[in-house]
Amino acid sequence: MQPTMAKPTWLTILSALFVLLSVSTSLAAQAPSPSPNSSLYNTFLQCLTQQTNSSTPLSNIVYARTNPSFSSVLQNYIRNARFNTSSTPKPLIIVTPLQESHVQGAVICAKTINIQLKIRSGGHDYEGISYISNDPFIIIDLFNLRSVTVDIKNEVATVQAGATLGEVYYRIWEKSRVHGFPAGVCPTVGVGGHLSGGGYGNMLRKYGLSVDNVIDAQIVDVEGRILDRKSMGEDLFWAIKGGGGASFGVILSYTINLVPVPETVTVFRVEKTLEQNATDLVVQWQEVAPTTDERLFMRLLLQPVTSKVVKGTKTVRASVVALFLGSADEVVTILNKEFPLLGLKKENCTEGSWIDSVLWWNDDESLKRGDKPETLLNRDLNSAGYLKRKSDYVQKPISKDGLEWIWKRMIELGKTGFVFNPYGGKMSEIPSDATPFPHRAGNLFKIQYSVNWDDPLPAVAQNFTNQAKRLYSYMTPFVSKNPRSAFLNYRDLDIGINSFGKNSFEEGEVYGSKYFNDNFNRLVKIKTAVDPDNFFRNEQSVPVLP
């Protein structure tokens, strides 16, 4: 019977402070026992100083709630404004490591006082689980650990977990115009969460997921040790390539293979509404997008909008947004043959370098404005909007009648839309158990349910989140079943939450089977082996065996 860590209470936290004297690790001498009047902050800071053998004050990287900078440090990387309110639970302490030993010490000290540890690399987890909790908790925020070392000769890069995707793309561009990396289109996403959850972008049909191109990693485990692929072993290395790193430790860095990109790539956007035959276009998109040339990625955005043809009525707009790893002439020729309803013309296309396409996908007006690659270094701090996201997988094409029924439901709801991301290509070639991410062959496309709003009133948030839930319910006949699969990086607490009580495994299986399908049980075994007391946990982490 493996023990499960009980939820900490304030009494157990205070009691645990006096255990520090007995703590002994290979990293440092024993931590001193605090006086009865010591605050949690002072106790933690003392422990961290001892564990890191620091001769310089660490108070500049450890923020208590009373620190004037606490709020800005917390809010800088909150990417969903739903979780930036006065009633949102706040951490007791935020640790912003400057070096790896600070992470090691923070793990040891949090474990010693039996307090939950949250790990944040970019804050884009849609449900905010890297920076909120209903239990007392500490955040390790990795934004200072952001180095990107690019080795073009060997076509690899080592990227710290706190770097953003924009920084990764920029550093690759600095060294080469014909190399890239297959990851997300939002440049402010943090590497640690993106890669540990799978990571995908607009080159996945050619090169697979981000984690399919990871060759090494560094992680701080529950004992405070830094492990690489060799010392952690292949099981743990497999688990942190799509199983969510925060279940197993603190990811410090990933080493990735760079991929070749042509000197000229092409991007385009074509939009049609229902009055312009969008329904037939979507029927044909389902046939073409997952089967066409693997160099071509055609995302489909579907949104209820006000009609420009019949004023005062609602319609649905379909937008095909694409990247082709080649010239405009070539992609126009391909699609005129395979996807005639799109009506693609060369004047719809924009040619440029791969880094130009990165800028365009982030903002398709960027090239018109003359934005430079340096734009990708902007972290856009403290700029969150309100949003809700959910996910599904489609394994059989949706009929024209089915689509027309869906359009009616979308228009009734008012604002929630879809993002259809096609699979096929490389995604159908990689086995479903190659990484914890299981959604490979057999999936035509992934759905993201997407709604954004600006009004901070809780009633408005409830309305829009309910819209997304209702559309998700309406889609039940059209999506994967047994299980109804979901994508870990589109984190969604609606599909299950773990309270880590006596039914922890059963609760974890509810969401775990959706995120990981048949790979869930292997993840549980690895978790039980490396973190049997379940120190690294969050609302949807991998549970330990009962």
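Which residues of helix α18 (residues 520-530) are buried? In this predicted model, where local features need pLDDT of at least 70, side-chain atom pairs count only at pLDDT 80 or more, and totals for chains, interfaces and linings use all residues, the buried ones are Phe520, Leu523, Val524, Ile526, Lys527 and Thr528. Residues are numbered from 1 along each chain as its sequence is written, and side-chain values use heavy atoms, with hydrogens and water left out. Buried here stands for under 20% relative accessible area, exposed for over 50%, and partly exposed for anything in between, with a 1.4 Å probe and protein chains only. Helices (H or I, at least four residues) and strands (E, at least two) are DSSP runs, numbered from the N terminus. An α-helix has 3.6 residues a turn, so residues three or four places apart point the same way. The cover over the buried residues of α18 includes α9 (234-239) and α17 (504-516).

After α18 comes the segment that holds Asn534. Asn534 is a bit of an oddity, as its phi is positive, about 60 degrees, although it is not a glycine. Most residues other than glycine have a negative phi, and most peptide bonds are trans. Asn534 is also buried, because its relative accessible area is 1%. Asp380 has a positive phi too, near 50 degrees, and sits in the loop between α13 and β16. Asp380, however, counts as partly exposed, because its relative accessible area is 40%. The peptide bond between Asn482 and Pro483 is cis, with omega at about 5 degrees, and Pro483 belongs to the loop between α16 and α17.

Now for the inside of the protein. A nonpolar core is a set of buried Ala, Val, Leu, Ile, Met, Phe, Trp, Tyr and Cys residues joined through side-chain atoms within 4.5 Å. The largest one has 149 residues, and those that touch the most other members are Phe44, Ile256, Phe268, Met298, Leu302, Leu335 and Phe418. Strand β14 (residues 314-324) supplies the largest share of this core, seven residues. A second, separate core has 13 residues, among them Ile94, Phe137, Ile139 and Phe143. Back in the largest core, Phe268 keeps plenty of company: leaving aside neighbours within four places in sequence, its contacts (heavy atoms within 4.5 Å) include Met298, Val320, Leu335 and Trp360.

Helix α5 (residues 165-175) is largely enclosed by the rest of the structure, because eight of its 11 residues are buried. Tyr169, Tyr170 and Trp173 are among them. The buried residues of α5 pack against β5 (148-151), β6 (156-160), β7 (179-180), α6 (191-196), β10 (250-257) and α12. Pro373, in the loop between α13 (366-369) and β16, meets this helix from far along the chain: the C-alpha atoms of Pro373 and Tyr170 are 6.4 Å apart, although 203 residues separate them in sequence. Beyond its neighbours within four places, Pro373 is in contact with Tyr170, Trp173, Ile355 and Leu359. Pro373 counts as buried because its relative accessibility is 10%.

Asn213 tells a similar tale, in the loop between α7 (204-207) and β8 (214-220). Its C-alpha atom is 5.6 Å from that of Ile256, 43 residues away along the chain. With neighbours within four places left aside, the contacts of Asn213 include Phe181, Pro182, Ile256 and Val259.

What about empty space? On a 1 Å grid over the protein atoms alone, a cavity is a set of points where a 1.4 Å probe fits but cannot get out, while a pocket is an open set with protein on both sides within 12 Å along at least five of seven lines; lining residues have an atom within 4 Å of a point. Grid points are joined across faces, edges and corners, and a volume is the space filled by probe spheres set on the points. There are four cavities of 30 Å³ or more, and the largest holds about 90 Å³. Its lining includes Tyr169, Phe181, Pro182 and Trp354, and helix α12 (residues 354-362) gives the most, four residues.

The second largest pocket has a volume of about 560 Å³. Of its 25 lining residues, Arg82, Phe83, Thr85, Thr88 and Ile132 lie nearest its centre. β16 (386-394) and α16 (458-474) are the elements that give two or more residues to this lining, and α16 gives the most, with five.
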